[in-house]
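Reader: I should like to learn how a contact list and a core assignment are to be read together. Please take one residue as the starting point.

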Amino acid sequence: RNNLTDLGGIRFSIFSVLYLMTCYQLYNFKVVGKKLFAPLVALFVVLGFITEVLNPMQIDKNLFYLVIFYIISPIFFIAQGLVIGMVYFSSISKQFAVD
């Protein structure tokens, strides 16, 4: 692969910065964080599946793979679902200040 034309790393970097900024905005109860969090999670899921279909990972299925993809990754998605539930469907949603 040519690293100059590989945009996956650039997209992931931009996404990561935007995701971390959104999480910080959620931490500070800003409306922009509330509005961006669920779409970013959905975008992550969609882009993850598209990337895996177009360019499957070529890694050994060792203990590292098992821990990351069968333990850490599901915990991460459950945590994101809990955050979305709290942000939109609990009394916490009333604490977001209008920008």
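Reader: Which residues does Val87 touch, not counting residues up to four places away in sequence?

Author: In this predicted model, Val87 touches Leu26, Lys34, Ser93 and Phe96. Leu26 and Phe96 also belong, with Val87, to the largest nonpolar core.

Reader: How should such a core be understood, and which residues form the largest one here?

Author: In soluble globular proteins, nonpolar side chains tend to be buried together. Here the largest nonpolar core has 9 residues: Phe15, Tyr19, Leu26, Val31, Phe37, Leu40, Val41, Val87 and Phe96. At least two of these residues come from each of helix H1 (8-27) and helix H2 (31-54), and H2 gives the largest share, 4 residues.

Reader: Ser93 was among the residues touched by Val87. Is Ser93 buried or exposed?

Author: Burial is judged by relative accessible area, with buried meaning under 20%. Ser93 has a value of 18% and is therefore buried. Ser93 is located in the segment that follows helix H3 (63-89).

Reader: What does the side chain of Ser93 reach, and which residues is Ser93 in contact with beyond four places in sequence?

Author: The Ser93 side chain reaches the backbone oxygen of Ser90 at 2.8 Å. Beyond its sequence neighbours within four places, Ser93 contacts Lys34, Met86, Val87 and Tyr88.

Reader: What is the setting of these details in the chain as a whole?

Author: The protein chain has 3 helices and 0 strands. Of its 99 residues, 15% count as buried. Among contacts with a separation of 6 or more, 62% join residues 24 or more positions apart.

Notes:
Residues are numbered from 1 along each chain as its sequence is written. This is a predicted model: local features need pLDDT of at least 70, side-chain atom pairs count only at pLDDT 80 or more; totals for chains, interfaces and linings use all residues. Side-chain values use heavy atoms; hydrogens and water are left out. A nonpolar core is a set of buried Ala, Val, Leu, Ile, Met, Phe, Trp, Tyr and Cys residues joined through side-chain atoms within 4.5 Å. Buried means under 20% relative accessible area, exposed over 50%, partly exposed in between (1.4 Å probe, protein chains only). Helices (H or I, at least four residues) and strands (E, at least two) are DSSP runs, numbered from the N terminus. Contact means heavy atoms within 4.5 Å. A polar contact is a pair of N or O atoms within 3.5 Å; within protein, one must be able to donate a hydrogen and the other to accept it, and residues adjacent in sequence count only if both atoms are side-chain atoms.
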